[in-house]
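Here is a briefing on a structure with chains A and B. Look over the sequence and the model, then read on.

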Amino acid sequence: MSARRIFARPARLAAIAPYLWMVLFFLVPFGFVLKISLSQTAIAQPPYTPVFDFTEGRAALAAAFAQLSFDNFRLLLQDNLYILSYLRSLVVAVTSTLILLLIGYPVAYGMARLPQRWQGVAMMLVIVPFWTSFLIRIYAWINILQHDGLLNQILLTLHIVSAPVVWLSADSAMYLGIVYSYLPFMILPLYATLSKMDASLLEAAGDLGASPRQAFWLVTFPLSLPGVGAGALLCFIPIVGEFVIPDLLAGSNSLMIGQTLWLEFFTNKDWPVASAAAVALLLLLVPPLVLYDRLQRRQLEGGR
Amino acid sequence: MPLLRIEGVAKSFGNFRAVDKLSLDIRAGEFFALLGPSGCGKTTLLRMLAGFETPDEGRILLGGNDIAQVLPHERPVNMMFQNYALFPHLSVRDNIAFGLKRAGMARRDIASRVAEMVALVKLEGLEKRKPDQLSGGQRQRVALARSLARRPQVLLLDEPLAALDKKLRESTQGELMELQRRLGMTFIIVTHDQEEAMTMAGRIGVMDAGRLVQVATPRNLYEAPASRWIAEFVGDINLFNGQVAARENGRLTVSTAEAGRLAVSELWPPVTKEVVSVAIRPEKVKLSRRAPASDAGGSQTINRLEGVVADVNYLGGVTSYRVRLESGAVVRSSMANTARLDVDAYLAGQRVVAWFTADDCLVLEQ
């Protein structure tokens, strides 16, 4: 055996590993979900039919296969509960992402312009909340926002309001929770692109007659677009499927798709419809994911 | 009134005095080089002219107006950056047009000016390329075109050729000089490369520790350096320390430990100290097998130093010799290889006489 083959084997394994991971932990479960989404609900264990039984021979399997239908997907389109949930998820995700950009960009820009030794400290401050469990932090917000919570106490003490304000169970509380939770995911990619920026480019822009404001919009901002794209998608995609924050902080009058899915699955015990909703959500997220991938590739090429 | 007058300009970074009360006049249409070792303050001075640094004290007068506190984007001065600082997201055309758009030029005028600049630096056909699709030499040309496009009163060039290889650097030097002559523009170049400064500039300002130590034409800088430091910084030189032993009719006799008594013609202004160095450039030191007759060059006084060739470096155009004298000191001599066959070459170990005239020597205060 040649030396080359000895070394080639682990290398090939390393190359296969991510694909293996994808197949085992994404494609196979997705296959299950897809199959359930094409099934019908039933009062049984598991709560859907048909169940593929590989022990009863080919004919039975074929019969089971014939029972699969797209009825659940048709239902998703007919009942506007689902469409409204999807739309709300998109609206919430777009709005939150815009707010995150408006807050995250100046923060990242400020961080990138700090003296070198302070940048590490600023980075720590951004990351430090991750050391506490996400759920605990959301419950802390409930504590702050509730009727006799910290926020109302401060507002009352300062005589800004005369009676406690209802903060919870409202969209504003949900947006607050989402922006708070996702801000690091917006700041970090933005900071990464902004801190790499060559300072002499801004000097050159100034030298060629651009005011600092023009230099920002003509040089800094366009060059930071890959970071904007990365940050925006890193936030947008999980926010679309967000379940915990709207469930704990928002009102119950309108649901995001994650909540609808949860209700369908655990309260209605309608696994097939829940699965269909999950598949539809995934399809909805494919375009932004492709966009993200393309942006990343362009950034890699630009870096060369 | 010169185009640019720098008056007592100083700049410190913390405790480090980068530029120390420096004054300098630069005439319109001049090609001026700021030369010095790294850390001498030449780049800081250039950045103050561009407006990226503000002087702590002093004035910078451009056409009579003090621009020391004027922001970079409001100065009629442009800079070509050492790393070129091309905008990576813009095409060659848009890079060149950047400054013109900021000046509020009409669309049609911008197009024609860009075309003119592209032709000037011979980049036709590459207008749509992005900087990362260009070679180093092409990027350098885009940077030059971009900084020239606004027709600045003064163009500042920060080590513009440092990133190019030797051949390209030499041809670009010629092109820059030609361009400067044709446009009649004032160029101020910062460089640590003395050959580059000597080749291109009409005048050179040598900087050391934040001060200008000499401003002179390349020839004067080389043949009449103002100090021992400059003599050693610009080109190669042999130095012998000694004391003035006699002084008559503009001729000094200096007695040195390493090379005995040397006859030196005194320049104006005369040296005032007794302890001096005698300096002689290697190409002015000739070698011969026998001592030349006393008055070989007419009325010239000739210094002769006997020694042994220690080593020989053949460099193509010239051969450089190191001759060890009886005192142990070394004299360097470089001789042009004027003939293809080496009938005149000396070999290591050979006894020779190194000689030079009194006029070829410099006397410098230590």
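How many bridges join strand β12 of chain B to strand β13 of chain B, and do the two run parallel or antiparallel? Six bridges join them, and the strands run antiparallel. The model is a predicted one. Its scores are ipTM 0.83 and pTM 0.81.

**Chain B overall**
- Chain B holds eight helices and 20 strands.
- Its C-alpha atoms fill a box of roughly 75 × 50 × 40 Å along the principal axes.
- Of the 366 residues in chain B, 37% are buried.
- Take the contacts in chain B between residues at least 6 apart in sequence: 63% of these join residues at least 24 apart.
- The average pLDDT of chain B is 91, and 97% of the residues score at least 70.

**The β12–β13 hairpin of chain B**
- β12(B) covers residues 251–256, and β13(B) covers residues 260–265.
- Three residues sit between the two strands of this hairpin.
- R251(B) has S265(B) of β13(B) as its bridge partner.

**Helix α1 of chain B**
- Helix α1(B) spans residues 42–50 and is mostly covered, with nine of its nine residues buried.
- Charged and nonpolar residues are both found here: K42(B) and R47(B) are buried, as are L45(B), L46(B), M48(B), L49(B) and A50(B).
- G51(B) comes just after α1(B) and has a positive phi of about 100°.

**Nonpolar cores**
- Nonpolar side chains tend to be buried together in soluble globular proteins.
- The largest nonpolar core has 101 residues; A145(B), L156(B) and I188(B) touch the most other members.
- Beyond its neighbours within four places in sequence, I188(B) is in contact with I26(B), F32(B), L34(B), L46(B), L49(B), V154(B) and L156(B).
- Two of those partners, L46(B) and L49(B), are buried residues of α1(B).
- A second, separate core has 46 residues, including L100(A), M111(A), Y182(A) and I245(A).

**Where the chains meet**
- 16 residues of chain A are in contact with 17 residues of chain B.
- On the chain A side, α9 (199–207) and α10 (212–240) are the elements that give two or more residues.
- α9(A) provides the largest share of that side, six residues.
- The residues on that side of chain A divide into seven nonpolar, six polar and three charged.

**Chain A: domains and helix α12**
- The domain assignment of chain A gives domain 1 (1–28) and domain 2 (76–301).
- The C-alpha centres of these two domains of chain A lie 36 Å apart.
- Helix α12(A) runs over residues 257–267, and its buried residues are I257(A), G258(A), Q259(A), T260(A), L261(A) and E264(A).

**Backbone details**
- A cis peptide bond leads from Q45(A) to P46(A), with omega near -5°. P46(A) lies in the loop between β1 (40–41) and β2 (48–49) of chain A.
- T49(A) and P50(A) are also joined by a cis peptide bond, with omega about -10°. P50(A) is in the loop between β2 and α2 (57–66) of chain A.
- K269(A) is not a glycine, yet its phi is positive, near 55°. It lies in the loop between α12 and α13 (271–303) of chain A.
- K122(B) is not a glycine either, and its phi is positive, about 55°. It lies in the loop between α3 (107–120) and α4 (136–148) of chain B.
- Are these residues buried or exposed? K269(A) is exposed, with 12 other C-beta atoms within 10 Å. K122(B) is exposed, with 12 other C-beta atoms within 10 Å.

Methods
Residues numbered from 1 in each chain as written. Chains lettered and ligands numbered in written order. Predicted model: local features only at pLDDT ≥ 70, side-chain atom pairs only at ≥ 80, totals over all residues. Helix = DSSP H or I, 4+ residues; strand = E, 2+ residues; numbered from the N terminus. Buried ≥ 20, exposed ≤ 12 C-beta atoms within 10 Å, placed from the backbone. Contact = placed C-beta atoms within 7 Å. Nonpolar A, V, L, I, M, F, W, Y, C, P; charged D, E, K, R; others polar. Domains from an automatic or database assignment. pLDDT = per-residue confidence, 0-100. Core = buried A, V, L, I, M, F, W, Y, C linked by C-beta atoms within 7 Å. Pairing = 2+ DSSP bridges.
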